[in-house]
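Here are a few friendly notes to read alongside the model. Take them one at a time, and keep the picture open as you go.

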Amino acid sequence: EEAALRAGDAASSARAAAEEAASASEEAAVAAKGAVDEAVEVAGASGKRADQAAKTADASAAEVKKSPSRETAVKAEEAGGEAKRAAAAAFRAAEEVDRKAEVAAIAGDNAIAAATRVSGTLAERVGVAGREAKEAAMAGFGVADQTREKADAADLAGDRAIDAAIQALHQ
């Protein structure tokens, strides 16, 4: 009888520990998803700035080639520098999304695994949090890739504008 009581106590303790771990996993998954969502928002804005800066730099490069002058060269050089700064910011934002998405993917996996060790509404909640964290991670990786593409384009546009400015000043 005493052995049965000890076994019951051990099972109860194990269940409580699993529930506690599941709750912690749920909180981690929810927090990680929120971090990815915030980083995605920042990366989206950085990508838009990089796009706009690339367009401005390309327009300035075209203008300096069409009408080479000190004034157009200075504008092209400034636009090129701005495009390169916007590109650098977008690269940093993409890396931040990647880092947070990696954490969210891990937190999602952990929550999904923890959900299998409990039952009832807790298991359902933890599983949902895990899946949502993993979905946010996958979306985050996509946004990071798109932001990197925009950053690459802005960096190249900056180079073109600066090169056009240098050529105009050397004529």
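1. Let's begin with the parts list. This is a predicted model, and its chain holds 3 helices and 0 strands. Read from the N terminus, the order of elements is α-α-α.

2. Next, the overall shape. Along the principal axes, the C-alpha atoms of the chain fill a box of roughly 100 × 20 × 15 Å. The radius of gyration of the chain is 26 Å, whereas a compact globule of 171 residues would come near 16 Å.

3. How do parts of the chain meet? Take the contacts with a separation of 6 or more: 85% of them link residues 24 or more positions apart.

4. Now the surface. About 9800 Å² of the chain is accessible, and carbon and sulfur atoms supply 54% of that area. As for burial, 37% of the 171 residues count as buried.

5. A word on charge. The chain carries 22 positive and 31 negative charges. If you take the mean position of each set, the two points lie 6 Å apart.

6. Finally, please find one residue for yourself: S46, which sits in helix 1 (residues 2–66). Is S46 buried or exposed? Its relative accessible area is 5%, and buried means under 20%, so S46 is buried. Which residues does S46 touch, once its neighbours within four places in sequence are left aside? They are A89, A90 and A93. Try showing these residues together with S46 in your viewer.

Note on methods:
Residues numbered from 1 in each chain as written. Predicted model: local features only at pLDDT ≥ 70, side-chain atom pairs only at ≥ 80, totals over all residues. Heavy atoms only, no water. Helix = DSSP H or I, 4+ residues; strand = E, 2+ residues; numbered from the N terminus. Rg over C-alpha atoms; globule rule 2.2 N^0.38 Å. Buried < 20%, exposed > 50% of the residue type's maximum accessible area, 1.4 Å probe, protein only. Contact = heavy atoms within 4.5 Å. Areas by Shrake-Rupley, 256 points an atom, 1.4 Å probe, with all protein chains shown as cover. Lys, Arg positive; Asp, Glu negative; His and termini not counted. Charge placed at Lys NZ, Arg CZ, Asp CG, Glu CD.
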